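Visitor: I would like a close look at a single part of this protein, with its neighbouring interactions set out carefully. After that, please place it in the rest of the fold.

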Amino acid sequence: MTIMKHTGIWKTTLYCHIFLFLLFAGNAVSETVSKAFLWEITSETAKVYLLGSMHYVDENLYPLDNAIEEAFEKSDALVLEINPLTVDQTEIQDYVTKRGFYKGAESIADHTTPEVFSLLESFVAKHNLPAAALYRMKPGMLALTLASEQLIQLGYKPELGIDIYFAQK
(Lines give C-alpha, C1' and ligand atoms only; values in the text may rest on other atoms or scores of the structure.)
Protein backbone atom coordinates (compact mmCIF):
# COMPACT_ATOMS: atom_id res chain seq x y z
CA MET A 1 0.00 0.00 0.00
CA THR A 2 1.24 3.46 -0.90
CA ILE A 3 1.22 6.18 1.75
CA MET A 4 0.76 9.69 0.38
CA LYS A 5 1.49 12.93 2.20
CA HIS A 6 -0.37 16.24 2.02
CA THR A 7 1.23 19.42 3.26
CA GLY A 8 -0.09 22.92 3.97
CA ILE A 9 -2.86 21.76 6.25
CA TRP A 10 -2.09 23.75 9.41
CA LYS A 11 -5.52 25.41 9.72
CA THR A 12 -7.44 22.32 8.68
CA THR A 13 -5.58 20.22 11.22
CA LEU A 14 -6.22 22.79 13.94
CA TYR A 15 -9.94 22.91 13.19
CA CYS A 16 -10.12 19.11 13.12
CA HIS A 17 -8.39 18.83 16.48
CA ILE A 18 -10.68 21.42 18.04
CA PHE A 19 -13.71 19.66 16.58
CA LEU A 20 -12.57 16.30 17.88
CA PHE A 21 -11.79 17.74 21.28
CA LEU A 22 -15.27 19.22 21.52
CA LEU A 23 -16.79 16.00 20.22
CA PHE A 24 -15.03 13.76 22.72
CA ALA A 25 -14.49 16.06 25.71
CA GLY A 26 -15.84 14.59 28.89
CA ASN A 27 -16.08 11.07 27.47
CA ALA A 28 -19.29 11.98 25.69
CA VAL A 29 -19.11 9.03 23.32
CA SER A 30 -21.65 6.33 24.00
CA GLU A 31 -20.67 2.68 23.74
CA THR A 32 -23.74 2.17 21.55
CA VAL A 33 -22.49 4.55 18.85
CA SER A 34 -21.08 2.77 15.82
CA LYS A 35 -17.33 2.91 15.44
CA ALA A 36 -17.63 3.32 11.66
CA PHE A 37 -17.09 7.01 10.85
CA LEU A 38 -16.39 6.05 7.26
CA TRP A 39 -17.76 7.35 3.99
CA GLU A 40 -17.62 5.65 0.60
CA ILE A 41 -17.42 7.97 -2.39
CA THR A 42 -17.89 6.42 -5.81
CA SER A 43 -17.86 7.57 -9.41
CA GLU A 44 -17.93 5.71 -12.69
CA THR A 45 -14.16 5.25 -12.54
CA ALA A 46 -13.14 5.19 -8.90
CA LYS A 47 -14.04 4.42 -5.33
CA VAL A 48 -12.61 6.37 -2.39
CA TYR A 49 -13.04 5.71 1.30
CA LEU A 50 -12.92 8.72 3.60
CA LEU A 51 -12.25 7.98 7.24
CA GLY A 52 -12.52 10.54 10.00
CA SER A 53 -9.09 10.18 11.56
CA MET A 54 -8.73 10.64 15.28
CA HIS A 55 -5.28 11.36 16.64
CA TYR A 56 -6.10 10.89 20.33
CA VAL A 57 -8.11 7.83 21.29
CA ASP A 58 -8.45 5.35 24.10
CA GLU A 59 -8.28 1.58 23.92
CA ASN A 60 -12.08 1.32 23.64
CA LEU A 61 -11.96 2.44 20.01
CA TYR A 62 -10.31 -0.85 19.07
CA PRO A 63 -11.05 -3.18 17.46
CA LEU A 64 -12.26 -0.93 14.68
CA ASP A 65 -15.54 -1.64 12.98
CA ASN A 66 -15.22 -4.34 10.29
CA ALA A 67 -16.36 -1.87 7.62
CA ILE A 68 -13.26 0.25 8.30
CA GLU A 69 -10.86 -2.69 8.21
CA GLU A 70 -12.46 -4.03 5.01
CA ALA A 71 -12.24 -0.63 3.30
CA PHE A 72 -8.55 -0.46 4.19
CA GLU A 73 -7.91 -3.92 2.76
CA LYS A 74 -9.68 -3.00 -0.50
CA SER A 75 -7.70 0.23 -0.91
CA ASP A 76 -4.65 0.72 -3.10
CA ALA A 77 -3.36 3.78 -1.22
CA LEU A 78 -3.49 5.34 2.23
CA VAL A 79 -3.51 9.15 2.21
CA LEU A 80 -2.57 10.80 5.49
CA GLU A 81 -2.17 14.44 6.53
CA ILE A 82 1.34 13.52 7.64
CA ASN A 83 2.89 10.07 7.89
CA PRO A 84 3.44 9.78 11.65
CA LEU A 85 6.09 7.09 11.16
CA THR A 86 8.39 9.09 8.89
CA VAL A 87 7.69 12.76 9.66
CA ASP A 88 10.80 14.81 10.40
CA GLN A 89 10.19 15.94 13.99
CA THR A 90 12.84 18.68 13.72
CA GLU A 91 11.09 20.12 10.68
CA ILE A 92 7.74 20.04 12.49
CA GLN A 93 9.19 21.73 15.58
CA ASP A 94 10.82 24.43 13.46
CA TYR A 95 7.53 25.06 11.70
CA VAL A 96 5.56 25.15 14.95
CA THR A 97 8.07 27.49 16.57
CA LYS A 98 8.07 29.81 13.57
CA ARG A 99 4.31 29.88 13.05
CA GLY A 100 2.82 29.03 16.45
CA PHE A 101 4.67 31.37 18.81
CA TYR A 102 4.89 35.13 19.12
CA LYS A 103 8.24 36.81 18.63
CA GLY A 104 10.00 39.06 21.13
CA ALA A 105 7.99 40.16 24.13
CA GLU A 106 4.66 39.76 22.36
CA SER A 107 2.15 37.40 24.02
CA ILE A 108 -1.44 36.23 23.80
CA ALA A 109 -2.35 39.00 26.26
CA ASP A 110 -1.60 41.51 23.48
CA HIS A 111 -4.18 39.87 21.22
CA THR A 112 -7.16 39.31 23.47
CA THR A 113 -9.37 41.23 25.85
CA PRO A 114 -8.45 41.47 29.53
CA GLU A 115 -11.52 39.39 30.35
CA VAL A 116 -10.51 36.55 28.04
CA PHE A 117 -6.92 36.66 29.24
CA SER A 118 -8.16 36.49 32.84
CA LEU A 119 -10.13 33.34 31.97
CA LEU A 120 -7.00 31.85 30.43
CA GLU A 121 -4.96 32.73 33.52
CA SER A 122 -7.55 31.04 35.75
CA PHE A 123 -7.60 27.92 33.58
CA VAL A 124 -3.80 27.70 33.49
CA ALA A 125 -3.55 28.13 37.27
CA LYS A 126 -6.35 25.62 37.98
CA HIS A 127 -4.67 22.96 35.81
CA ASN A 128 -1.13 23.79 36.94
CA LEU A 129 0.07 24.41 33.39
CA PRO A 130 3.28 26.27 32.38
CA ALA A 131 1.94 29.80 32.03
CA ALA A 132 5.05 31.43 30.54
CA ALA A 133 5.23 28.97 27.64
CA LEU A 134 1.47 29.01 26.98
CA TYR A 135 1.21 32.81 26.93
CA ARG A 136 3.82 32.96 24.16
CA MET A 137 1.62 30.81 21.90
CA LYS A 138 -0.55 32.24 19.16
CA PRO A 139 -4.28 31.41 19.47
CA GLY A 140 -4.26 28.38 17.17
CA MET A 141 -1.25 26.81 18.85
CA LEU A 142 -2.64 27.59 22.29
CA ALA A 143 -6.00 26.01 21.46
CA LEU A 144 -4.32 22.91 20.04
CA THR A 145 -2.02 22.59 23.06
CA LEU A 146 -4.81 23.02 25.61
CA ALA A 147 -7.07 20.59 23.75
CA SER A 148 -4.29 18.01 23.52
CA GLU A 149 -3.47 18.35 27.20
CA GLN A 150 -7.13 17.96 28.13
CA LEU A 151 -7.50 14.85 25.96
CA ILE A 152 -4.44 13.26 27.55
CA GLN A 153 -5.82 14.00 31.02
CA LEU A 154 -9.06 12.27 29.99
CA GLY A 155 -7.10 9.15 29.07
CA TYR A 156 -6.86 9.57 25.31
CA LYS A 157 -3.47 8.67 23.85
CA PRO A 158 -1.85 9.99 20.68
CA GLU A 159 0.10 6.76 20.23
CA LEU A 160 -3.23 4.96 19.69
CA GLY A 161 -4.37 7.31 16.92
CA ILE A 162 -5.96 5.87 13.82
CA ASP A 163 -3.32 7.47 11.61
CA ILE A 164 -0.59 5.56 13.44
CA TYR A 165 -2.64 2.36 13.45
CA PHE A 166 -3.04 2.33 9.65
CA ALA A 167 0.45 3.68 8.87
CA GLN A 168 1.88 0.69 10.75
CA LYS A 169 -0.11 -1.82 8.68
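Guide: His55 lies in the loop between strand S3 (47–51) and helix H2 (66–74), where helices (H or I, at least four residues) and strands (E, at least two) are DSSP runs numbered from the N terminus. This is a predicted model, in which local features need pLDDT of at least 70 and side-chain atom pairs count only at pLDDT 80 or more, while totals for chains, interfaces and linings use all residues. Residues are numbered from 1 along each chain as its sequence is written, and side-chain values use heavy atoms, with hydrogens and water left out.

With a relative accessible area of 13%, His55 is buried; the word means under 20%, with exposed over 50% and partly exposed in between (1.4 Å probe, protein chains only). The side chain of His55 makes a polar contact of 2.9 Å with that of Glu81, and another of 2.9 Å with the side chain of Asp163. A polar contact is a pair of N or O atoms within 3.5 Å; within protein, one must be able to donate a hydrogen and the other to accept it, and residues adjacent in sequence count only if both atoms are side-chain atoms.

The loop that holds His55 has other features. Pro63 sits in this loop between S3 and H2, and a cis peptide bond, with omega about 0°, joins Tyr62 to Pro63. Glu59 forms a salt bridge with Lys157, the closest N and O atoms being 2.8 Å apart; a salt bridge is a side-chain nitrogen of Lys or Arg within 4 Å of a carboxyl oxygen of Asp or Glu. That pair links distant parts of the chain, since Glu59 is in the loop between S3 and H2 and Lys157 is in the loop between H6 and helix H7 (162–167), 98 residues apart. Both ends are partly exposed, Lys157 at 30% relative accessibility and Glu59 at 45%.

Helix H2, where this loop ends, takes part in another such link. Lys169 meets Glu69 in a salt bridge, with the closest N and O atoms 2.7 Å apart, and this pair again joins distant parts of the chain, Lys169 in the segment after H7 and Glu69 in helix H2, 100 residues apart. Lys169 is partly exposed at 47%, whereas Glu69 is buried at 16%. The structure holds three salt bridges, and one of them joins Lys47 to Glu40 at 3.8 Å, N to O.

On the strand side, a nonpolar surface patch of about 400 Å² is made by Trp39, Ile41, Val48 and Leu50, and strands S2 (38–42) and S3 each supply at least two of its residues. Patches are made of residues with over 30% relative accessible area and no salt bridge, like charges being joined within 9 Å and nonpolar side chains (Val, Leu, Ile, Met, Phe, Trp, Tyr) within 5 Å; accessible areas come from the Shrake-Rupley method with a 1.4 Å probe, and for residues only the protein chains shown count as cover.

As for the interior, the largest nonpolar core has 13 residues, of which Ile108, Leu120, Val124, Leu134, Tyr135, Leu142 and Leu146 touch the most other members. Helices H4 (114–126), H5 (131–135) and H6 (139–153) are the elements that give two or more residues to this core. A second, separate core of twelve residues includes Phe37, Val57, Leu61 and Ala167. A nonpolar core is a set of buried Ala, Val, Leu, Ile, Met, Phe, Trp, Tyr and Cys residues joined through side-chain atoms within 4.5 Å.

For the fold as a whole, the protein has seven helices and four strands, arranged along the sequence as β-α-β-β-α-β-α-α-α-α-α. Of the contacts with a separation of 6 or more, 76% join residues 24 or more positions apart, a contact being heavy atoms within 4.5 Å. Buried residues make up 29% of the 169 residues.
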